[in-house]
Amino acid sequence: MKKIFFVFTAFLLLSCQSFAGGSSDSTNTQEEKTVNEISSIYLTAIRSEASSERTTWTVTLEQNKSAAALVELLQKGDVTIPAHDYGSFEKVGNLPQSLPRTDTQITTKPGDLILYQGNQITLYYDTNSWSFTKLGHIAGATRESLLSVLGSGNVDLLLSVRK
């Protein structure tokens, strides 16, 4: 009788978990699957709309819920972020919506794409240490190569998914 009760209780718990939408592990797997399906995005720097000055880089994404949320946003359409220089080490601009944060203490390096405070995208061309959410990185980027494209003024950053 105890065995039957135990099996029935275990079945009931599993059924309730499935009915409630599963465990948080299934959510993480789904987010990681999105990032794994699209492991990189395009980042295009546009110096001015009147100009044809455009440079596009491939950003290899981190595997975290923040990068997955960014991919989900970009699957709805490209996002253009007017970005300005801040602190002589980054270009920063506002996202159209907040994304979940997974902040950890890191030191950035040139080419890092960072989510700041959940609602700002930052492209680093130098280093900085803070608690940030890293979204991805441009392989081979250097301060000099990024600044030759980004310049010292404002720039539009166009984010899009790889197709």
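Outside its neighbours within four places in sequence, Leu150 is in contact (heavy atoms within 4.5 Å) with Ala45, Arg47, Trp57, Lys91, Leu123, Tyr125, Val155 and Leu157. The model is predicted, so that local features need pLDDT of at least 70 and side-chain atom pairs count only at pLDDT 80 or more, whereas totals for chains, interfaces and linings use all residues. Residues are numbered from 1 along each chain as its sequence is written, and side-chain values use heavy atoms, with hydrogens and water left out.

Leu150 is also one of the residues that, with Trp57, Leu157 and Leu159, touch the most other members of the largest nonpolar core, which has 33 residues. A nonpolar core is a set of buried Ala, Val, Leu, Ile, Met, Phe, Trp, Tyr and Cys residues joined through side-chain atoms within 4.5 Å. Buried denotes under 20% relative accessible area, exposed over 50%, and partly exposed the range in between (1.4 Å probe, protein chains only). Helix 3 (residues 65–75) supplies the largest share of this core, six residues. Apart from this core lies another, of five residues, among them Phe89, Ile106, Tyr124 and Phe132. In soluble globular proteins, nonpolar side chains tend to be buried together.

Helices (H or I, at least four residues) and strands (E, at least two) are DSSP runs, numbered from the N terminus. Helix 3 is mostly covered, with eight of its eleven residues buried; these are Ser66, Ala67, Ala68, Ala69, Leu70, Val71, Leu73 and Leu74. At the N-terminal end of helix 3, Asn64 acts as a cap, with a side-chain oxygen 3.1 Å from the backbone nitrogen of Ser66. Gly77, just after helix 3, has a positive phi of about 150 degrees.

The whole structure contains four aromatic pairs. Rings of Phe, Tyr and Trp (its six-membered ring) pair if their centres lie within 6.5 Å; planes under 30 degrees apart count as stacked, over 60 as edge-to-face and the rest as tilted. Tyr86 and Phe89 form an edge-to-face pair, because their ring centres are 6.2 Å apart and their planes stand at 85 degrees. Tyr86 is partly exposed, at 49% relative accessible area, while Phe89 counts as buried at 18%. Phe89 and Tyr124 are stacked, because their planes lie at 10 degrees, with ring centres 5.9 Å apart. Phe89 lies in the loop between strand 3 (79–86) and strand 4 (90–94) and Tyr124 in strand 7 (residues 120–124), so this pair ties together parts 35 residues apart in sequence. Tyr124, like Phe89, is buried. Ring pairs join Tyr86, Phe89, Tyr116, Tyr124 and Phe132 into a cluster.

Key
A polar contact is a pair of N or O atoms within 3.5 Å; within protein, one must be able to donate a hydrogen and the other to accept it, and residues adjacent in sequence count only if both atoms are side-chain atoms.
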